[in-house]
Amino acid sequence: MQVKIIDHPLIQHKLSLIRDVRTGTKEFRELLEEIAMLMAFELTRNMPLEETQVETPLTTCTCKVLSGKKIGVVPILRAGLGMVNGIIKLIPAAKVGHVGLYRDEKTLKPVEYYCKLPKDVDERELIVIDPMLATGGSSVAAIDLLKAKGAKNIKLMCLVAAPEGINLVNAHHPDVEVYVAAVDSHLNEYGYIVPGLGDAGDRIFGTK
């Protein structure tokens with residue numbers, strides 16, 4: 001199982017708050033953005049650096065900067081939108097693409113309805129984001145689409161995952177690293193993660 005659980009205390013604390021049914025829409029959005037930023041901090045840990053000369057108020061010194069690595073953030077609509085701001089606050093030069101998928105309530109299969117990506121996806125490290133990795137169908141479909149567009153370097157970042165979703169992504173895309181804050185118990189008969197946090201899209205946008 002290729003999955004990296006980011007168990008930083010701040011993330012785990014905020015995850016407990018975001019799971020709580022009493023957490024309202026405003027607080028849910030803020031917590032999701034904060035968790036996304038913290039997760040992105042860990043996900044970018046191994047980004048390459050190069051040396052540069054910087055003149056301080058006292059002298060000149062050798063410092064390190066990012067070595068021009070191109071990043072793309074690709075939220076799966078609509079719930080993935082709730083994680084975008086947290087990441088681009090940390091990586092403001094990242095370009096943002098969008099993949100629109102919805103889950104058919106009868107078949108639980110993903111249906112694509114929108115795709116808009118940076119033109120140079122083949123040159124970027126893409127971070128696909130979605131709060132929930134449930135059945136895994138939407139994530140697999142999104143990664144399929146990105147690879148068909150030429151993407152070669154993809155990571156998947158989700159807040160909460162079910163083992164079923166992780167297994168499906170690993171089966172279809174073993175080259176894609178999966179980052180999550182928690183792996184929950186299972187999916188129920190409706191395809192929801194248990195214990196989970198409910199429907200992330202509804203909780204972000206205040207819909208039912």
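In this predicted model, a convenient place to begin is the contact between two helices, where Leu 10, Ile 11, Lys 14, Leu 15, Leu 17 and Ile 18 of helix H1 meet Phe 28, Leu 31, Leu 32, Glu 34, Ile 35, Leu 38 and Met 39 of helix H2. Sorted by class, the residues of this contact comprise 11 nonpolar and two charged ones, with no polar residue among them. H1 spans residues 9-19 and H2 residues 25-43, and the two pack with their axes 10 Å apart at an angle of about 155°. Because angles over 145 degrees count as roughly antiparallel, H1 is described as roughly antiparallel to H2. The crossing of this pair is left-handed.

Two residues from that contact, Ile 18 and Met 39, lead into the largest nonpolar core, which has 37 residues and in which they stand among those with the most contacts, together with Ile 87, Ile 129, Met 157, Leu 159 and Leu 197. Two or more residues of this core are given by each of H1, H2, strand S4 (71-77), helix H3 (81-90), strand S8 (125-133), strand S9 (153-161), strand S10 (177-183) and helix H6 (200-205). H2 supplies the largest share, eight residues. In soluble globular proteins, nonpolar side chains tend to be buried together.

Met 157 shows how these elements come together: setting aside residues up to four places away in sequence, Met 157 touches Ala 36, Met 39, Ala 40, Leu 43, Met 83, Ile 87, Ile 127, Val 128, Ile 129, Asp 130 and Tyr 179. One of these partners, Val 128, belongs to a second, separate core of 24 residues, which also includes Leu 126, Cys 158 and Val 180.

From the cores we turn to the loops, beginning with the backbone. A cis peptide bond, with omega about 5°, joins Leu 77 and Arg 78, and Arg 78 is found in the loop between S4 and H3. Another cis bond runs from Val 194 to Pro 195, with omega near 5°; here Pro 195 lies in the loop that connects strand S12 (193-194) and H6.

A further loop, between strand S3 (60-66) and S4, holds Ser 67. Is Ser 67 buried, exposed or partly exposed? Its relative accessibility is 28%, and therefore Ser 67 counts as partly exposed. Beyond its neighbours within four places in sequence, Ser 67 is in contact with Pro 48, Leu 49 and Glu 50. The C-alpha atoms of Ser 67 and Pro 48 are separated by 5.8 Å, although the two residues are 19 residues apart along the chain.

Key
Residues are numbered from 1 along each chain as its sequence is written. This is a predicted model: local features need pLDDT of at least 70, side-chain atom pairs count only at pLDDT 80 or more; totals for chains, interfaces and linings use all residues. Side-chain values use heavy atoms; hydrogens and water are left out. Axes are lines fitted to C-alpha atoms, for helices over the stretch in contact, and angles run from 0 to 180 degrees between N-to-C directions. Helices (H or I, at least four residues) and strands (E, at least two) are DSSP runs, numbered from the N terminus. Angles under 35 degrees count as roughly parallel, over 145 as roughly antiparallel, 65 to 115 as roughly perpendicular and the rest as oblique. A crossing is left-handed if the near helix is turned anticlockwise from the far one by less than a right angle, and right-handed if clockwise. Contact means heavy atoms within 4.5 Å. Ala, Val, Leu, Ile, Met, Phe, Trp, Tyr, Cys and Pro count as nonpolar, Asp, Glu, Lys and Arg as charged, and the others, Gly among them, as polar. A nonpolar core is a set of buried Ala, Val, Leu, Ile, Met, Phe, Trp, Tyr and Cys residues joined through side-chain atoms within 4.5 Å. Buried means under 20% relative accessible area, exposed over 50%, partly exposed in between (1.4 Å probe, protein chains only).
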